[in-house]
Amino acid sequence: MSKHRRHSSHQPSDAGFLLDTTVLGRRPGSMRVVARTIQSPSRIGLDLIAIESGSDIELDLRMEAVSEGVLVTGTVHAPTAGECSRCLEPFSSVVDLYLTELFAYPDSVTEETTEEGEVYGVEDDQIDLEPVIVDAVGLALPLQPLCSDDCLGLCSECGVRLAIAESGHGHDILDPRWAGLAAKFGVESVNSENLVITEAEEK
């Protein structure tokens, strides 16, 4: 009886993610090239960046029959949409993956001797690429995406994007050593050079 491997609770995938292995005939060395573009049926990725539902996912793959299963290699390309972790602005990018994954036959030694969750399987002569791509995208995307490597982020005082702030943007900040005195006299802002520090001076 065939064992379910990774993503045993995974729902049936979009037909575009399914690859028919019957054309390989379980003949080691037989190959087939698969090139197709499918639409992502759901959001794939992380909280701050992902392939959005409906986005085109380009597959350029090769299926090769080996003694223990079907080896799938090739590239996956898709646009991503994210929110910059520094400035919080939306931005777009792309993700490019290179897959090398063995899908074990249900009666193979590999399938029988590996722990559940360690290998994908061929089920009903079909390969389901969706869980593979979901896993790969999750590992490839950054946990803290940036709109650019040199993003300046937000001003810690007023929240304005520093990339669009005026040159020399800064705020007079009351030196905490004088905070008690200022509170006593109801001073909200002090212009004296001895009582204020600026962000520029802190840097």
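This is a short walk through one protein chain, covering its overall make-up, its cysteines, and two loop residues.

Okay, before anything else: what you see is a predicted model, so please keep that in mind as we go.

Let's start with the whole chain. We have 203 residues here, and 33% of them are buried. For secondary structure, the count is eleven strands and four helices. Now, how do the contacts spread along the sequence? If you take contacts between residues at least 6 apart, 59% of those join residues that are at least 24 apart. As for the surface, the chain exposes about 12,300 Å², and 49% of that comes from carbon and sulfur atoms.

On to the cysteines, which I guess some of you will ask about. How many disulfides turn up in the whole structure? Zero. So let me go through the sulfurs. Take Cys-147: its closest cysteine sulfur is the one in Cys-84, at 3.7 Å, and that is too far for a bond, because the cut-off for a disulfide is 2.5 Å. Then there's Cys-151, whose closest cysteine sulfur belongs to Cys-147, 3.8 Å away, so again too far for a bond. And are these two buried or exposed? Cys-147 is partly exposed, at 35% relative accessible area, while Cys-151 counts as buried, with 11% relative accessibility.

Next, Arg-26. You'll find Arg-26 in the loop that runs between strand S1 (18–20) and strand S2 (31–39). What does its charged end sit over? The ring of Tyr-105, at 4.0 Å from the ring's centre. The backbone is worth a look as well: Arg-26 isn't a glycine, yet its phi is positive, about 55 degrees. In terms of accessibility, Arg-26 is partly exposed, with a relative accessible area of 39%.

While we're on aromatics, the search of the whole structure came back with one aromatic pair.

Last stop, Asp-124. Which strands flank this one? Asp-124 lies in the loop between strand S8 (120–121) and strand S9 (126–128). Here too we have a residue that is not a glycine with a positive phi, about 55 degrees. Asp-124 counts as exposed, at 74% relative accessibility.

So, to recap: the search found zero disulfides, the charged end of Arg-26 sits over the ring of Tyr-105, and Asp-124 has a positive phi. That's me done, thanks.

Technical notes
Residues are numbered from 1 along each chain as its sequence is written. This is a predicted model: local features need pLDDT of at least 70, side-chain atom pairs count only at pLDDT 80 or more; totals for chains, interfaces and linings use all residues. Side-chain values use heavy atoms; hydrogens and water are left out. Rings of Phe, Tyr and Trp (its six-membered ring) pair if their centres lie within 6.5 Å; planes under 30 degrees apart count as stacked, over 60 as edge-to-face and the rest as tilted. A charge sits over a ring if NZ of Lys or CZ of Arg is within 6 Å of the ring centre and within 35 degrees of the ring normal. Buried means under 20% relative accessible area, exposed over 50%, partly exposed in between (1.4 Å probe, protein chains only). Helices (H or I, at least four residues) and strands (E, at least two) are DSSP runs, numbered from the N terminus. Contact means heavy atoms within 4.5 Å. Accessible areas come from the Shrake-Rupley method with a 1.4 Å probe; for residues, only the protein chains shown count as cover.
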